[in-house]
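Colleague: Pick one part of this model and walk me through it slowly, please. I'd like the cut-offs spelled out as you go.

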Amino acid sequence: MKSKPKVVVTRRLPQEVETRMADLFETVLRPDDRPMSQSELAAAISDCDVFVPTVTDRIDATVIANASPRLRLIANFGAGTDHIDVASAHGRGITVSNTPGVLTEDTADLAMALILAVPRRLVEGDRRLRAGEFKGWGPTHMLGHRVRGGKLGIIGMGRIGQALARRAHAFGLDIHYHNRRRIPKGIEATLGATWHADLDAMLGDVNFVSIHCPATPDTHHLINAERLSKMRPDSYIVNTARGEIIDEAALAAAIRNQTISGAGLDVYEREPEPHPDLLDLPNVILAPHIGSATHESRREMGELVLINIRAMMDHHACPNRVLPPGASFQVAS
């Protein structure tokens, strides 16, 4: 590889990240922030040493089949890689990396904010006041539900789930969780968390549900009409993970029918469009995928992209390499 690899970036990144990339590499940046089409992605990946996509880019087998023979690294700007066919890349000897960890705290902050805002009808109240509907305080005006003393059920107890548990504990919530594997008992004790092997049983026992598991074939529509029916009428659901984990049509119906009390969503099945049945529900907060949208988080994500590219240039293993299911790291002898 030449001393400065050609790096193609699919979306606009923070200015300081783009400046550093341009200084270090032969970098092709986007003139605007419009997402690329599949044909544009295929064309862009055909002439580079490093490809830097984001969550909005579907890097499927067809796109990867068009990759340049020089391509050695797909350095994803983001933690999740469900939009990348990692197995296809791996099969062609192309490394995939991501940016985990640095967005944990900010995403947990947003999840906690939604848990606080939805039951207290904060956004609904803001809308009503702006529309001139607030006529003064009254004993039964805008009643919501108390957060403190409730039970929070976390689906997926990884970095973000644990960060949320720490925050929720400070707000007086009793922590419950469902995970593929039980976390170490020492961490459980620190978080004051109770493990539920049975997701359905946990859903019927908690006041709040927050989703933090990855998007996989097994988690597609993990929360569907049947599971929503098991939740309490005074319960709420929050999703800052991936939209396809919830069946949005079923969610809208459950809220409209008062099967549950409301929801706070930051991600959507057919992003950027939420299901139309959610749009007119006052007890639903719809955020525009801002879980990691802080200056600090995005700068740190960019730094991890740079670190992974430099590691590849120096013939070292990328510190944030992502492998397909069933693959294992090979240690050179």
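Modeller: I'll go through a helix pair, then a helix with a buried side. This is a predicted model, so local features need pLDDT of at least 70 and side-chain atom pairs count only at pLDDT 80 or more, while totals for chains, interfaces and linings use all residues. Residues are numbered from 1 along each chain as its sequence is written, and side-chain values use heavy atoms, with hydrogens and water left out.

Helices here are DSSP runs of H or I with at least four residues, strands runs of E with at least two, numbered from the N terminus. Helix α1 (residues 15-24) packs on helix α12 (residues 295-313) at about 15°, their axes 9 Å apart; axes are lines fitted to C-alpha atoms over the stretch in contact, with angles from 0 to 180 degrees between N-to-C directions. That makes α1 roughly parallel to α12 (angles under 35 degrees). On the α1 side, contact (heavy atoms within 4.5 Å) comes from Glu-16, Val-17, Arg-20, Met-21 and Leu-24. From α12, the partners include Arg-298, Gly-302, Leu-306 and Ile-309.

Now α2 (residues 38-45): Leu-41, Ala-42, Ala-44 and Ile-45 are its buried residues, buried being under 20% relative accessible area with a 1.4 Å probe, protein chains only. They cover an arc of only 165° around the axis, which puts them on the same side of α2; the arc is taken over directions from the helix axis to the C-beta atoms. These buried residues pack against β1 (6-9), β3 (50-52) and α3 (61-65).

Conventions
Angles under 35 degrees count as roughly parallel, over 145 as roughly antiparallel, 65 to 115 as roughly perpendicular and the rest as oblique. Buried means under 20% relative accessible area, exposed over 50%, partly exposed in between (1.4 Å probe, protein chains only).
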